[in-house]
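Work through these exercises with the model open. Try each task before reading its solution.

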Amino acid sequence: MAAQTLIERLQGLKAQVASLPSPADERELEALRVKYLGKKGTVSLLSQEMASAPKDEKPVAGKLLQEVRGGLETMLEQARVRLTREKIQKEIEQEFFDISLPGSEPEFGARHPIAAVMDEIVDIFTGMGFQVEEGPEVESDYYNFEGLNFPAEHPARDMQDTFHLTNIERLLRTHTSPVQVRAMQKYGPPLSVIAPGKVYRCDADITHSPMFHQIEGFTIDKKITMGDLKGTLQTFIQRLYGPKTAIRLRPSFFPFVEPGAEVDVSCVICGGKGCRVCKHTGWLEILGAGMIHPNVMRASKIDPAQWSGFAFGMGIERIAMLKYGVDDIRLFFENDLRFLRQF
Ligand code: PHE
């Protein structure tokens with residue numbers, strides 16, 4: 001008998017494949033795939049022979065090869081779907097599932113203590129008529145220093161441990177006070193603004209973090225006095241720490257206020273009697289404040305002969321540490337769930 005042509009053998013294969021029984025399990029399925037479609041499978045070997053087949057046989061042989069391969073692939077895929085469905089059906093029938101068992105409880109997220117304290121403070125001030133403003137964390141020297149009456153080369157700049165960016169004109173803001181200048185220029189007086197946000201200083205130990213949060217506040221209007229400043233801060237502190245809390249102002253220096261003050265609150269731990277936290281003084285320093293310097297107003301085109309204002313700024317981490325009795329600032333940023341769950 002003469003040797004079969006490639007076409008004849010492909011026709012034979014096509015008939016054989018068409019009468020194959022569908023595989024009964026996954027092992028049979030895989031064996032069939034390897035036998036016909038694997039690297040050394042029948043279909044693969046025949047397709048290698050295509051190269052040496054006579055030219056006039058090639059179109060017919062090619063088409064047959066496609067049909068055989070396509071038919072096999074469809075058959076195997078249908079078998080795979082059927083076997084999977086059968087397997088799931090069997091599992092459903094055999095397995096016992098106790099629907100009365102309690103489920104696993106989903107974990108709920110919670111506010112970070114810093115965000116919570118920040119919101120609380122912002123709420124107290126918006127309740128007093130302040131509007132919320134934000135500014136960029138990457139600032140220019142102008143807004144962080146120059147417009148706040150820090151002249152170039154002034155030693156007060158050194159108090160701030162500034163992170164300068166490679167482009168010397170930009171820096172990470174060292175305080176939220178630049179928002180004072182931005183808001184004054186944007187709105188003009190009269191104006192009451194509260195400005196929460198992140199600030200950066202090159203400093204790190206148990207009470208200093210290179211990134212921390214501040215809230216700035218200021219009011220500009222006609223005939224604003226130091227008395228307005230003290231009254232506003234006292235109202236704020238009593239809403240935050242309770243009506244028995246007292247404040248006191250001590251003279252201090254910031255280039256953008258005159259006069260300037262540091263504000264203490266009666267110790268929130270011992271109530272003013274003296275303890276380790278207040279170093280037995282009965283007072284805790286929590287704020288910088290003062291009357292907005294005429295140079296700051298002039299830099300923002302506000303006439304200091306007509307308008308006056310007060311400004312204050314506070315660190316949120318310090319307030320949160322005192323509120324919750326946390327003694328290491330780094331705990332706020334390590335995101336250890338055992339710590340965060342306590343709030
Ligand atoms: N910006 C000052 C600081 O970061 C705080 C401050 C704000 C002081 C407003 C006075 C007025 O230390």
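**Exercise 1. Cysteines**

Task: Find how many disulfides the whole structure holds, then account for Cys-270 and Cys-278.

Solution. Note that this is a predicted model.
Step 1. A search of the whole structure finds 0 disulfides.
Step 2. Take Cys-270. The nearest cysteine sulfur belongs to Cys-267 and is 3.6 Å away. A disulfide needs two cysteine sulfur atoms within 2.5 Å, so Cys-270 is in no disulfide.
Step 3. Take Cys-278. The closest cysteine sulfur is in Cys-270, at 3.7 Å, which is too far for a bond.
Step 4. Check burial. Cys-270 has a relative accessible area of 14% and is buried. Cys-278 is buried too, at 3%.

**Exercise 2. The sheet**

Task: State the strand order of the open sheet and name its edge strands.

Solution.
Step 1. Count the strands: 7 form the open sheet. The order is β1-β4-β5-β9-β8-β7-β6, with mixed pairing.
Step 2. Look for strands that pair on one side only. These are β1 (131–132) and β6 (247–252).
Step 3. Follow β6 to its partner. β6 pairs with β7 (residues 257–266) in the antiparallel sense, over 6 bridges. Arg-250 stands opposite Glu-262 in β7.
Step 4. Add the helix. α7 (residues 178–187) lies across β1, β4, β5, β8 and β9. Helix α7 runs at about 40° to β5.

**Exercise 3. Aromatic pairs**

Task: Classify the pair Phe-150 and Phe-256, then the pair Tyr-324 and Phe-343.

Solution.
Step 1. The structure holds 11 aromatic pairs.
Step 2. In the pair of Phe-150 and Phe-256, the ring centres are 5.9 Å apart and the planes meet at 35°. That angle is neither under 30 nor over 60 degrees, so the pair is tilted.
Step 3. Place these residues. Phe-150 is in the loop between α6 and β3, and Phe-256 is in the loop between β6 and β7, 106 residues apart. Both Phe-150 and Phe-256 are buried.
Step 4. Tyr-324 and Phe-343 are edge-to-face, 4.7 Å centre to centre with 70° between the planes. Tyr-324 is in helix α10, and Phe-343 is in the segment after α12, 19 residues apart.
Step 5. Tyr-324 is partly exposed, at 34% relative accessible area. Phe-343 is partly exposed as well, at 33%.

**Exercise 4. Charges over rings**

Task: Which rings have the charged ends of Arg-182 and Lys-222 over them?

Solution.
Step 1. Arg-182 places its charged end over the ring of Tyr-143, 4.1 Å from the centre.
Step 2. For Lys-222, the ring is that of Trp-307, with the charged end 4.4 Å from its centre.

How values were computed. Residues are numbered from 1 along each chain as its sequence is written. This is a predicted model: local features need pLDDT of at least 70, side-chain atom pairs count only at pLDDT 80 or more; totals for chains, interfaces and linings use all residues. Side-chain values use heavy atoms; hydrogens and water are left out. Two strands pair if DSSP finds at least two bridges between them. Helices (H or I, at least four residues) and strands (E, at least two) are DSSP runs, numbered from the N terminus. Contact means heavy atoms within 4.5 Å. Axes are lines fitted to C-alpha atoms, for helices over the stretch in contact, and angles run from 0 to 180 degrees between N-to-C directions. Buried means under 20% relative accessible area, exposed over 50%, partly exposed in between (1.4 Å probe, protein chains only). Rings of Phe, Tyr and Trp (its six-membered ring) pair if their centres lie within 6.5 Å; planes under 30 degrees apart count as stacked, over 60 as edge-to-face and the rest as tilted. A charge sits over a ring if NZ of Lys or CZ of Arg is within 6 Å of the ring centre and within 35 degrees of the ring normal.
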